[in-house]
Amino acid sequence: MEKPTKPIMVAREEFAQRLADLCNGCGLPPVILQPLLERAAAEMSRLAQEQYAQEMAAYRKALQDYAEAQKQEQTAEEG
């Protein structure tokens with residue numbers, strides 16, 4: 001039996017709690033933490049945009065491949 005996959009919302013909440021604990025316990029003042037977190041957020045945003053673009057390209061290709069396969073199947077049935 002495989003280990004169950006952690007639901008995304010559970011993982012998200014655990015991450016948020018660990019991040020808050022890290023920020024609260026690191027001893028750095030908010031004036032230092034804020035730019036670091038902003039830079040991390042900007043990087044995450046960039047990575048999310050890249051992932052979206054990659055997934056959209058893969059989806060469009062899959063749709064195109066599907067349409068071509070349907071066309072070939074229809075041609076084979078007619079011939």
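Reader: Which residue follows H1 with a positive phi?

Author: That residue is Gly-27, whose phi is near 85°. Please note that the model under discussion is predicted.

Reader: How many residues does helix H1 have, and what distance does it reach from its first C-alpha to its last?

Author: Helix H1 covers residues 8–25, which amounts to 18 residues. From end to end its C-alpha atoms reach 25 Å, close to the 26 Å expected at 1.5 Å a residue.

Reader: I should next like to consider charged side chains. How many salt bridges does a search of the whole structure find?

Author: The general idea is that side chains of opposite charge can pair when their charged atoms come close. In this structure, the search finds 4 salt bridges. One of them links Glu-43 to Arg-46, with an N to O distance of 2.5 Å. Another links Glu-50 to Arg-46 at 2.2 Å, again N to O.

Reader: Where do the partners Glu-50 and Arg-46 lie, and how many residues apart are they?

Author: A general point about helices is useful here. An α-helix has 3.6 residues a turn, so residues three or four places apart point the same way. In the present case, Glu-50 and Arg-46 both belong to helix H2 and are 4 residues apart, about one turn of the helix. Glu-43 and Arg-46 are separated by about one helical turn because they are 3 residues apart in helix H2.

Reader: What is the N to O distance in the salt bridge of Lys-61 and Asp-65, and how many residues apart are these two in helix H2?

Author: The side chains of Lys-61 and Asp-65 meet at 3.0 Å. Since they are 4 residues apart in helix H2, about one helical turn separates them. Returning to the earlier pairs, Glu-43, Arg-46 and Glu-50 are joined into one network by salt bridges that share partners.

Reader: How is the accessibility of these charged residues to be read? What is the relative accessible area of Glu-43?

Author: Partly exposed residues fall between the cut-offs of 20% and 50%. Glu-43, with a relative accessible area of 34%, is therefore partly exposed. Arg-46 counts as partly exposed at 36%, and Glu-50 is partly exposed with 36%. For the remaining pair described here, Lys-61 has 48% relative accessibility and Asp-65 has 34%; Lys-61 counts as partly exposed, as does Asp-65.

Reader: Which residues make the nonpolar surface patch, and which helix gives the most to it?

Author: Phe-15, Leu-19, Leu-22 and Leu-37 make a nonpolar surface patch of about 380 Å². H1 gives the most, with 3 residues; Phe-15 is a residue of helix H1.

Reader: How many disulfides does a search of the whole structure find, and why is there no bond between the sulfur of Cys-23 and the closest cysteine sulfur?

Author: The search finds 0 disulfides. A disulfide would require the two sulfur atoms to lie within 2.5 Å. The cysteine sulfur closest to that of Cys-23 is in Cys-26, and because the distance is 6.1 Å, it is too far for a bond.

Reader: Is Cys-23 buried or exposed?

Author: Cys-23 is buried, with a relative accessible area of 18%, whereas Cys-26 counts as partly exposed at 34%.

Reader: Finally, how far apart are Ala-41 and Lys-3 in sequence and in space?

Author: Ala-41 and Lys-3 are 38 residues apart in sequence and 31 Å apart in space, C-alpha to C-alpha. Ala-41 is placed in helix H2, residues 30–78, and counts as partly exposed at 45% relative accessibility.

Notes: Residues are numbered from 1 along each chain as its sequence is written. This is a predicted model: local features need pLDDT of at least 70, side-chain atom pairs count only at pLDDT 80 or more; totals for chains, interfaces and linings use all residues. Side-chain values use heavy atoms; hydrogens and water are left out. Buried means under 20% relative accessible area, exposed over 50%, partly exposed in between (1.4 Å probe, protein chains only). The expected span of a helix is 1.5 Å times one less than its number of residues. Patches are made of residues with over 30% relative accessible area and no salt bridge: like charges are joined within 9 Å, nonpolar side chains (Val, Leu, Ile, Met, Phe, Trp, Tyr) within 5 Å. Accessible areas come from the Shrake-Rupley method with a 1.4 Å probe; for residues, only the protein chains shown count as cover.
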